[in-house]
Amino acid sequence: MLFVPAQGGEMEILMKKYKNKIIIAVVVAVVLTAVFWWGGDAPTLRGWNPEGAVGFGSGQGTEILDTSDTRESDAEVKLENPEGENGASEEEPHEEEKPEAESGGHMTAEEKIALAERMAQNSAEETKSGDSESGGSDVQDNTHDIDYSRANGMEINEETGEDIYKTEPVPEGQPVPVEPNEAEISDREMTCTLSIRCDTIFNHISWLDSEKRELLPEDGVIFPEQSVKFYDGESVFNLLVREMKRNRIHMEFESTPIYNSAYIEGIGNIYEFDCGELSGWMYSVNGWFPNYGCSRYRLNEGDRVEWVYTCDLGADVGGEYSARNGR
Amino acid sequence: MKEFKTYHPIVNLAYFVLVIGFSCVLMHPLCLTTSLVCGFAYSAVLKGKKTVKTNILFMLPMLIVMAAVNPAFNHEGVTIIAYLTNGNPLTLESILYGLAAAAMIAAVICWFSCFNEIMTSDKLIYLFGRIIPSLSQVLSMTLRFVPRFSAQLKTVANAQRCVGRDVSNGSIIQRARHGLAILSIMTTWALENAVDTADSMKARGFGLSGRTAFSIFKFDKRDMKALLCILILGVYVLAGKIFGGMYFRYFPSVRGAGFSIFGLSLFAAYLALCLCPIIIEVWEAAKWKALKSKI
């Protein structure tokens, strides 16, 4: 295109010359805006408000820096109530913004963690647990854990501080991962308890995919706590697969070689991301949320295995720390 | 047999935009069946019996493969039929969804083969030449490129064969070399040709404002009627889709909107829309017959 420098009425000439192009640009912009709005990505439709509005965004800024403390205190609260009545479910369900990517589309992992921390901080402020002492899982001060994990056979890389499957040192006193390909399964029968719950969804029922609402059990219990058999050497994953098959409960998993474990995508047709961008399945054994995958957790006699659905990257069920290392 | 082709390009374009768009969006099994059957029938009408055979040979395996592949990777759904060897469930819903997706792709392929037959490059240039000249030129050049390229390839290969440098001469390495030489010739030719065409069009002032283009298309009453019909049907179906009259979901359980007069009218409208060209065909044939008998 030739550009002729115009003297008088420059704008007019330009307008005339590029009339079509301007019209096209405007039309494209209008169409994109319409799609953005009607596609459900617009701020008010998605449930989150722009910067500075009410909600969890109110405490942004400096407080974010010291989330590690509140995280600890949050975890502390949960450990004090091993009945499964965790902090989040005690609160009245209130209007919270549904966590979604601010740019539309999906959030990155970092964004999700930051958002979960903000939400956790918010709920921690509401529950106001008094003293927050350091638990056992602080990232900064984990020489104990490293020594403990090494002594128990974990090979932790000096540089990354993780083992080859990206697992950080296990907190002192907890079992270290056992690789499923090395596990020896004997035919000795043992028992443990298994339960599957998704009652956290009731706190965020408006976030739930509307097609999935009918699947939600009334009490949020998909598999009531009961004693189940397993064979010595089996992992939490083996147990879950067997019990779900036996009880004809739907369960889908995906193996993730990078963590050398299966990842549970959905149980009972309730999938990850069905209740907001931070939702998914997590497991805990004897109240602890392992920081490695369920295929690598070797079961022991009498273990108490719980599968819980989180809407907040683990913060609402008390397993926030492990969420950072993949579930 | 190509009555619809003689209609104004804008009518053709509106029809294909609506039909292909709906084929991609409407996942209701009835819509998919309608679209697939109509698309297949219309492509058979346009291209003759021979393409029916190749169509079936190509599409049936694709349908089967797609329907089989989906449940291998998708395990959602409440009806568990069996368990796969790795422990994931095989669900009825994922199989049905696989079938639906395969039907959708087959339908869209059928419709695009019809589109190619009806929307010739002169129509595209006519429609878009004024608004987006460069894009429509690129489009028409691309559409023209494939047949031209294959014709030129034949010429070049024949010429090379005459001097003993074809892919059929010599050892494997020599053959590969000759093949590469032909490829290089073709690439050079194609690039040069494209530049030539673009220059030539520029020299003729293509795309300049105030320049008129010759076209033999005239928007008459017949086109108006057809366009109105197509648009009314399209808007009705679209409204029905928005208001949930064609609601259908595959996950977690298969469920669709219940039977209603509104729903039924939507499917009828969609069927009518898909059948438009065939209806026009029959209509014109009947008209011709009626006129003929009068003489």
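1. Starting with the interface: in this predicted model, chain B and chain A bury about 1,500 Å² between them, and carbon and sulfur atoms account for 49% of that area. B:Glu76, B:Tyr83 and B:Pro252 are the trio to look at, since they supply 31% of the area that chain B buries against chain A, more than any other three residues. In terms of residues in contact, chain B brings 22 and chain A brings 16.

2. On charges across that interface, the rule finds 4 salt bridges between chain B and chain A. One to click on pairs A:Glu214 with B:Arg255, where the closest N and O atoms sit 3.0 Å apart. As background, side chains of opposite charge can pair when their charged atoms come close.

3. B:Pro252 deserves a second look for its backbone. The peptide bond leading into B:Pro252 from B:Phe251 is cis, with omega near -5°. B:Pro252 sits in the loop between strand 3 (248–249) and strand 4 (255–256) of chain B, and, as said above, B:Pro252 is one of the three residues that supply 31% of the area chain B buries against chain A.

4. Now inside chain A. Over all chains the structure holds 20 salt bridges, and one of them joins the side chains of A:Arg296 and A:Asp163, at 2.9 Å from N to O. A:Arg296 is in the loop between strand 6 (280–285) and strand 7 (304–310) of chain A, while A:Asp163 is in the loop between helix 7 (143–151) and strand 1 (189–197) of chain A, so this pair ties together parts that are 133 residues apart in sequence.

5. A backbone point for chain A, too: A:Arg248 has phi near 55°, a positive value in a residue other than glycine. You'll find A:Arg248 in the loop between helix 8 (236–246) and strand 3 (251–256) of chain A.

6. On to the helix packing in chain B. Helix 3 (residues 49–73) and helix 4 (residues 92–118) of chain B have axes that come within 7 Å and cross at roughly 150°. With angles over 145 degrees counted as roughly antiparallel, these two helices of chain B are therefore roughly antiparallel to each other. Their crossing is right-handed. The contact includes B:Phe58, B:Met62 and B:Met66 from helix 3 of chain B, and B:Ile95, B:Leu99 and B:Ile109 from helix 4 of chain B. By class, the residues of this contact between helix 3 and helix 4 of chain B are 17 nonpolar, 4 polar and no charged.

7. Helix 4 of chain B also packs with helix 1 (residues 9–25) of chain B: the axes come within 9 Å and cross at roughly 170°. Helix 1 and helix 4 of chain B are therefore roughly antiparallel as well. Among the residues that meet here are B:Tyr15, B:Phe16 and B:Val19 of helix 1 of chain B, and B:Trp111, B:Phe112 and B:Phe115 of helix 4 of chain B. This contact of helix 1 with helix 4 of chain B has 12 nonpolar, 2 polar and no charged residues.

8. Last, helix 1 of chain B against helix 5 (residues 121–128) of chain B: they pack at an angle of about 95°, with axes 10 Å apart. That makes helix 1 roughly perpendicular to helix 5 of chain B. B:Pro9, B:Ile10, B:Asn12 and B:Leu13 of helix 1 meet B:Lys123, B:Tyr126, B:Leu127 and B:Phe128 of helix 5 of chain B. The class split for this contact of helix 1 with helix 5 of chain B is 6 nonpolar, 1 polar and 1 charged.

Note on methods: Residues numbered from 1 in each chain as written. Chains lettered and ligands numbered in written order. Predicted model: local features only at pLDDT ≥ 70, side-chain atom pairs only at ≥ 80, totals over all residues. Heavy atoms only, no water. Axes fitted to C-alpha atoms, helices over the stretch in contact; angles between N-to-C directions. Helix = DSSP H or I, 4+ residues; strand = E, 2+ residues; numbered from the N terminus. Parallel < 35°, antiparallel > 145°, perpendicular 65-115°, else oblique. Left-handed = near helix turned anticlockwise from the far one by under 90°. Contact = heavy atoms within 4.5 Å. Nonpolar A, V, L, I, M, F, W, Y, C, P; charged D, E, K, R; others polar. Buried area = accessible area lost by both parts, 1.4 Å probe.
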